[in-house]
Amino acid sequence: MTRTRLALFGGASAFYLAIVVAVLLSTWLVTLDWKIMLFRPYQQWPELHAFLDYYVVLGQRGPTAVMVAAWLGWRSWRQHTLRPLLCLGAALLLLNVSVGAVKLGLGRLGPHYATQVGSAELFAGGDIFPSGHTANAVVTWGILAYLATTPRARRYLSALSAVVALGVGLTTVYLGTHWLSDVVLGWAAGLLVLLALPWCEPLLAVAESWILAMRDRLRERLRDRRRLVPSLPVASGGPRPAFFPQRPAGGEEPVRETVGVARGRTPATRG
């Protein structure tokens, strides 16, 4: 953790706390939420609805995690290291724990389920604050910039992930599935996860060493089992030994005797 990263982490944490307090106290931010909700952007620009319905998938955890994991898996195979995949797993774990705890703790309802105009709709059994779509977009696409190997690639990927995360967040506001404050807090939550990743690096290094050691042990066990398989010697040019009896030449079945009848005696005739 560099001083710059620590300063960014402290600033993002203060901003995160300020947004939560502003919503708890029903300040101007909640008023802005309601103004945008009652404006109904999806009715103002209906021609964008079809495209944005697909675009918002870039913030869904399942599809994005599969796409990014496939790319990072290829990188892990090429570079002979598990660090890319372990970083993605740690980032998603931190995201689920941190965002999920706040969602369940504050229990905010979304715009479509709001019950009182002007209310913050907190502690009502919802799970909308902060926006999981937005935070996931920041983390999933931002991890590509975090793992970039050159400064140039890091700059380009940082700009790309920022544009995608910004678009996903605003799309949820357009569709009416999130308040604006949900999206702003989602941006901060995702950024905090990315900034906290360097603290996880020592643990990830230990996990990688343990996994690779277990892999090597498994390989040794498989090699030992192959060595213990018995092998029968075969004479040069001779037939290979068979584990099952072979049929005689000509394909005829071997002669079988009747069970229970002694040789040289005829069975007694029944009266």
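Q: Which side-chain atoms have to come within 4 Å to make a salt bridge?
A: A salt bridge pairs a side-chain nitrogen of Lys or Arg with a carboxyl oxygen of Asp or Glu. That cut-off will be handy below, as we walk through what is a predicted model. The atoms to look for are therefore a nitrogen of Lys or Arg and a carboxyl oxygen of Asp or Glu.

Q: Which residue forms a salt bridge with R83, and in which helix does that partner lie?
A: The closest N and O atoms of R83 and its partner E201 are 3.1 Å apart. This pair links distant parts of the chain, 118 residues apart, with R83 in helix α6. R83 itself is partly exposed, at a relative accessible area of 34%. The partner is E201, and its helix is α9.

Q: What kinds of elements build the protein, and how many of them are helices?
A: Following the chain from the N terminus, you meet the elements in the order α-α-α-α-α-α-α-α-α. There are zero strands, and the number of helices is nine.

Q: What percentage of the 271 residues is buried?
A: A residue counts as buried when its relative accessible area is under 20%. Among the 271 residues of the protein, the buried share is 35%.

Q: How many residues apart in sequence are the parts tied together by D33 and R108?
A: D33 and R108 form a salt bridge, and their closest N and O atoms are 3.1 Å apart. D33 sits in helix α2 (residues 28-39), while R108 sits in the loop between α6 (83-106) and α7, so the parts they tie together are separated in sequence by 75 residues.

Q: Are D33 and R108 buried or exposed?
A: The cut-off for buried is a relative accessible area under 20%. D33 has a relative accessibility of 2%, and R108 has one of 1%. Because these values fall under the cut-off, D33 and R108 are both buried.

Q: Which residues are linked with R108 in a network of salt bridges?
A: R108 also forms a salt bridge with D182, the closest N and O atoms being 2.9 Å apart. D182 lies in helix α9 and R108 in the loop between α6 and α7, so this pair ties together parts 74 residues apart in sequence. D182 is buried too, with a relative accessible area of 0%. In the network, R108 is linked with D33 and D182.

Q: Why do C87 and C200 not form a disulfide, and how many disulfides does the structure hold?
A: A disulfide is a covalent bond between the sulfur atoms of two cysteines. The cut-off here is 2.5 Å, but the closest cysteine sulfur to that of C87 belongs to C200 and is 8.5 Å away, which is too far for a bond. C87 is buried at 0% relative accessible area, and C200 is buried at 18%. The number of disulfides in the structure is zero.

Q: Which element gives the most residues to the lining of the largest pocket?
A: The largest pocket has a volume of about 380 Å³. Its lining has 17 residues, and those nearest the centre are G142, A145, S158, L191 and L194. The elements giving two or more residues to this lining are α1, α7 (132-146), α8 (151-175) and α9 (180-228). With five residues, the element giving the most is α8.

Q: Which residues form the nonpolar patch on the surface?
A: The patch has about 520 Å² of accessible area in total. One of its members, L17, lies in helix α1 (residues 3-24). L17 counts as exposed because its relative accessibility is 54%. The patch is formed by L17, V21, L24, L25 and F123.

Q: Is the peptide bond from F129 to P130 cis or trans?
A: Most peptide bonds are trans. F129 is in the loop between α6 and α7, as is P130. F129 counts as buried, at 1% relative accessibility. The omega angle from F129 to P130 is near 5°, and the bond is cis.

Q: What value does phi take in H80 and in E121?
A: Most residues other than glycine have a negative phi. H80, in the loop between α5 (61-79) and α6, is exposed at 71% relative accessible area. E121, in the loop between α6 and α7, is buried at 5%. Phi is positive in H80, near 55°, and also positive in E121, near 55°.

How values were computed:
Residues numbered from 1 in each chain as written. Predicted model: local features only at pLDDT ≥ 70, side-chain atom pairs only at ≥ 80, totals over all residues. Heavy atoms only, no water. Patch = residues over 30% accessible without salt bridge, like charges linked within 9 Å, V, L, I, M, F, W, Y side chains within 5 Å. Areas by Shrake-Rupley, 256 points an atom, 1.4 Å probe, with all protein chains shown as cover. Helix = DSSP H or I, 4+ residues; strand = E, 2+ residues; numbered from the N terminus. Buried < 20%, exposed > 50% of the residue type's maximum accessible area, 1.4 Å probe, protein only. 1 Å grid on protein atoms, 1.4 Å probe; cavity = no way out; pocket = protein on both sides within 12 Å on 5 of 7 lines; lining within 4 Å. Points joined across faces, edges and corners; volume = space filled by probe spheres on them.
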